[in-house]
Amino acid sequence: MTSDVLDRFLKYVKIHTTSKEDEKSIPSTKHQFNLAKILVQELKDLGIADTVLTENCYVIATIPSNLSDEEAQKIPIICFLGHLDTSPEESGENVKPQIVKNYQGGDIQLLNNPDLVISPQETPALLKFIGSDIVTSDGTTLLGGDDKAGIAAIMASISKLKSNPEIKHGTIKIVFTPDEEVGRGVDGLDVESLNADYGYTIDGDEMGVLESETFNAAGGDILISGFNCHPGYAKDKMVNAIRILSDLIQLFPVNESPEMTEGYEGYYHPYVISGSVNEAKIKFIIRDFDYTILQEKIQEVKDFTDEIQKKYPSAKIKLTIKESYKNMKYKIDEVPELMEYAEEAIKRSGIPVIKKVIRGGTDGARLSYQGLPTPNIFSGAMNFHSKKEFVPVIALEKSVETIINLIQIFVEKSIE
Ligand SMILES: [Zn+2]
């Protein structure tokens with residue numbers, strides 16, 4: 001017996017929806033419309049009349065409450081979001097999903113790539129899924145579980161609500177966005193006109209995961225202007241911007257770099273340098289979960305830039321630094337029930353809650369600051385942006401169960 005959510009998932013991953021960096025248009029790639037159009041049709045087939053596909057490739061649907069108007073008004077309008085695109089870091093074209101039946105531990109050999117195995121040594125969480133069927137790619141592409149697992153879970157939940165009218169629910173909104181992977185998932189979305197109270201992205205990560213925290217982020221550059229002249233006659237004249245840059249780089253703390261940190265640890269990250277004697281430039285970013293510590297890190301960069309300026313008074317050193325996004329936790333914490341209900345929903349599905357932090361930005365972070373507090377609930381996809389991506393079928397099913405539970409918890413808590 002296959003499940004509805006698995007059938008949907010296998011269908012969606014075969015549709016090529018890779019997004020593209022540095023494109024001005026939304027969506028960044030036209031082929032994302034191919035999946036969007038299918039989803040619109042499927043929603044209409046499910047009887048969701050209020051389904052639209054915007055010119056920017058957003059699928060937006062409203063499922064009216066099946067309660068009386070009076071009751072429905074007491075229930076917050078929840079929006080579930082997933083993203084259509086897959087990461088440009090790996091090919092997402094011609095995905096051939098494979099199903100490993102009844103996984104019994106050990107390495108999973110990917111069918112069309114003899115060099116690649118998914119191993120429990122590398123991904124210990126794999127061992128939690130012994131006895132489950134596991135979906136992988138054939139090893140030549142990514143799988144696309146990020147975020148087609150989320151989309152499949154949302155679609156299967158809606159289908160379940162439609163075929164089980166005894167499950168009472170408030171008004172529910174569905175949004176499928178393009179271009180999340182290139183950081184532009186909400187660029188073409190009018191959040192206010194959605195008219196939703198709260199959001200949940202169903203995106204990525206292991207069964208049971210619930211996430212409400214992202215980094216606080218800042219970034220900028222340091223521009224060093226030196227002075228060039230004939231090197232044979234340069235004594236006391238030349239100011240070599242490259243050497244000054246090298247001094248500056250040393251002052252970015254090595255222990256607090258992306259390659260040395262994990263979990264709740266923040267970092268400094270110089271990521272591009274360019275230069276000549278006349279002019280050199282460092283681009284960098286700074287991240288921390290604690291906003292006060294982010295401010296301290298910003299101050300630290302200002303201080304050591306000043307210090308270097310003092311050491312080289314004849315150079316001109318200009319620091320530009322700007323905050324880019326803020327930890328969504330501050331907004332989500334204003335509505336404690338958002339996380340409480342999600343935790344309860346996961347527990348009711350019979351699985352443990354795994355609270356994690358997102359070491360990057362997400363659509364949820366931007367939505368939270370645009371008035372739609374939006375934590376993230378697991379879809380079950382793991383090792384994403386990689387040919388070693390996989391999705392345990394049980395995780396897909398638990399994602400659906402969690403969504404249905406959550407919808408019911410909102411009803412229980414609002415009208416009983
Ligand atoms: Zn994702």
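This report walks through the overall build of the chain, two helix contacts and a few backbone oddities.

## The chain as a whole

Keep in mind that this is a predicted model. The chain has 416 residues, and buried ones make up 44% of them. Measuring tape along the principal axes would give the C-alpha atoms a box of roughly 85 × 55 × 40 Å. As for secondary structure, there are eleven helices and 17 strands.

How much of the contact map joins residues at least 24 apart in sequence? Taking contacts between residues at least 6 apart, the share is 78%.

## Two domains

The chain splits into domain 1, which covers 4–214 plus 328–415, and domain 2, which covers 216–325. In sequence terms, then, domain 2 sits between the two segments of domain 1. Going by C-alpha atoms, the domain centres are 39 Å apart.

Where the domains touch, five residues of domain 1 are in contact with five of domain 2. On the domain 1 side, those break down into two nonpolar, one polar and two charged residues.

## H4 against H11

Two packed helices are described by the angle between their axes and the distance between the axes. For helix H4 (residues 145–163) and helix H11 (residues 393–415), the angle is about 50 degrees and the axes are 9 Å apart. Is that parallel or oblique? With that angle, H4 counts as oblique to H11, and the crossing is right-handed.

Who does the touching? From H4 come Ala149, Ala152, Ala153, Ile154, Ala156, Ser157 and Lys160, and they meet Leu396, Ser399, Val400, Ile403 and Ile404 of H11. By class, this H4–H11 contact has nine nonpolar residues, two polar and one charged.

## H1 against H4

H4 also packs with helix H1 (residues 4–13): their axes come within 8 Å and cross at roughly 135 degrees. That angle makes H1 oblique to H4, and this crossing is right-handed too.

On the H1 side, the contact uses Asp4, Val5, Arg8, Phe9, Tyr12 and Val13. Their partners in H4 are Lys148, Ala149, Ile151, Ala152, Ala153, Met155, Ala156 and Ser159. Sorted by class, the H1–H4 contact holds ten nonpolar residues, one polar and three charged. Some H4 residues do double duty: Ala149, Ala152, Ala153 and Ala156 appear in the contact with H11 and in the one with H1.

## Cis peptide bonds

Where does the backbone go cis? One such bond links Ile26 to Pro27, with omega at about -5 degrees. Pro27 lies in the loop between H1 and helix H2 (32–45).

Another cis bond joins Asp146 and Asp147, and here omega is about 10 degrees. Asp147 belongs to helix H4, the helix that packs with H11 and with H1.

## Positive phi outside glycine

Asp236 isn't a glycine, yet its phi is positive, at about 65 degrees. You'll find Asp236 in the loop that runs between strand E11 (216–225) and helix H6 (241–250). Is Asp236 buried or exposed? Asp236 is exposed, because just 5 other C-beta atoms lie within 10 Å.

Asn383 is another non-glycine residue with positive phi, near 55 degrees. Asn383 is in a loop as well, the one between strand E16 (376–377) and strand E17 (390–392). Asn383 counts as buried, because 20 other C-beta atoms lie within 10 Å.

Technical notes
Residues are numbered from 1 along each chain as its sequence is written. This is a predicted model: local features need pLDDT of at least 70, side-chain atom pairs count only at pLDDT 80 or more; totals for chains, interfaces and linings use all residues. Domain bounds come from an automatic or database domain assignment. Two residues are in contact if their C-beta atoms, placed from the backbone, lie within 7 Å. Ala, Val, Leu, Ile, Met, Phe, Trp, Tyr, Cys and Pro count as nonpolar, Asp, Glu, Lys and Arg as charged, and the others, Gly among them, as polar. Helices (H or I, at least four residues) and strands (E, at least two) are DSSP runs, numbered from the N terminus. A residue is buried if 20 or more other C-beta atoms lie within 10 Å of its own, exposed if 12 or fewer, and partly exposed in between; C-beta atoms are placed from the backbone. Axes are lines fitted to C-alpha atoms, for helices over the stretch in contact, and angles run from 0 to 180 degrees between N-to-C directions. Angles under 35 degrees count as roughly parallel, over 145 as roughly antiparallel, 65 to 115 as roughly perpendicular and the rest as oblique. A crossing is left-handed if the near helix is turned anticlockwise from the far one by less than a right angle, and right-handed if clockwise.
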